[in-house]
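Hi,

Here is the structure I promised to pass on. Have a look at it first, and then read on for what turned up when I went through it.

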Amino acid sequence: MKVFVDIAEAAERLEELIDLVLREDEVVICRAGGPVADIVPLAGKGQGTMDDVWALAAKGRPANTDQTSNHDEFYDENGLPK
């Protein structure tokens, strides 16, 4: 099943929408009536637990090594948004 939901409703119902995605339903987030994003399950990754997350944090490793937490390109030399 494909579910279309606007941003405000998605914010209110996020947990329910994630459950739908885990059941293999497709969830599309819309703004001003048009689709802007999909909620999709992580491919190839099992569902971990918060204990797994805390264990990674204790090791000083990011939970997701595919992404970086450096967002310098969004800020100027004074730390203000560009």
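Which elements are included in what covers the buried residues of α2? Before the reply, please keep in mind that this is a predicted model. Among the elements that provide the cover are two from the start of the chain, β1 (2–6) and α1 (7–12), together with β2 (26–31) and β3 (34–39).

**The overall layout**

The chain has 3 helices and 3 strands. Read from the N terminus, their order is β-α-α-β-β-α. Of the 82 residues in the chain, 16% are buried. The accessible surface amounts to about 6900 Å², and carbon and sulfur atoms hold 54% of that surface. If you look at contacts with a separation of 6 or more, 25% of them come from residues 24 or more positions apart.

**Helix α2, inside and out**

The buried residues in α2 include L17, L20 and V21. They sit on the same side of the helix, because the arc they cover around the axis is only 100 degrees.

The helix also contributes to the surface. L14, I18 and L22 make a nonpolar surface patch of about 250 Å². L14 belongs to α2, which spans residues 14–22. With a relative accessible area of 43%, L14 is partly exposed, so it clears the cut-off of over 30% that a patch residue has to meet.

**Two residues with positive phi**

Just after α2 comes E24, with a positive phi of about 75 degrees. E24 is not a glycine, and its place is in the loop between α2 and β2. Its relative accessible area is 73%, so E24 counts as exposed.

A32 is another such case: this residue is not a glycine either, and its phi is positive at about 55 degrees. You will find A32 in the loop between β2 and β3. A32 is exposed too, at a relative accessible area of 84%.

**The strands**

In a regular strand, side chains alternate between the two faces of the sheet. β1 shows this alternation: V3 and V5 point to one face and are buried, whereas K2, F4 and D6 point to the other face and are not buried. β1 and β2 run parallel and are joined by 5 bridges. One detail to click on is F4, whose bridge partner in β2 is V28.

V28 comes up again from the side of β3, the strand that holds A37. Leaving aside residues up to four places away in sequence, A37 touches V27, V28 and I29. A37 is partly exposed, as its relative accessible area is 36%. The C-alpha atoms of A37 and I7 are separated by 9.7 Å, with the two residues 30 apart along the chain.

**Salt bridges**

How many salt bridges does the structure hold? The count is 4.

One of them pairs K2 with E26, with 3.9 Å between the closest N and O atoms. This pair links distant parts of the chain, since K2 is in strand β1 and E26 is in strand β2, 24 residues away. The distance falls within the 4 Å that the definition of a salt bridge allows, so the pair is counted. Both partners are partly exposed: K2 has a relative accessible area of 47%, and E26 has 35%.

Which residues are linked in a network of salt bridges? They are E9, R13 and E16. R13 pairs with E9, where the closest N and O atoms are 2.3 Å apart. R13 also pairs with E16, and there the closest N and O atoms are 2.7 Å apart. The members of this network are partly exposed, with relative accessible areas of 29% for R13, 29% for E9 and 41% for E16.

If you want a place to start in the viewer, try the buried side of α2, with L17, L20 and V21, and then look at the network of E9, R13 and E16.

Best wishes

Technical notes
Residues are numbered from 1 along each chain as its sequence is written. This is a predicted model: local features need pLDDT of at least 70, side-chain atom pairs count only at pLDDT 80 or more; totals for chains, interfaces and linings use all residues. Side-chain values use heavy atoms; hydrogens and water are left out. Patches are made of residues with over 30% relative accessible area and no salt bridge: like charges are joined within 9 Å, nonpolar side chains (Val, Leu, Ile, Met, Phe, Trp, Tyr) within 5 Å. Accessible areas come from the Shrake-Rupley method with a 1.4 Å probe; for residues, only the protein chains shown count as cover. A salt bridge is a side-chain nitrogen of Lys or Arg within 4 Å of a carboxyl oxygen of Asp or Glu. Helices (H or I, at least four residues) and strands (E, at least two) are DSSP runs, numbered from the N terminus. Buried means under 20% relative accessible area, exposed over 50%, partly exposed in between (1.4 Å probe, protein chains only). The arc is that of the directions from the helix axis to the C-beta atoms. Contact means heavy atoms within 4.5 Å. Two strands pair if DSSP finds at least two bridges between them.
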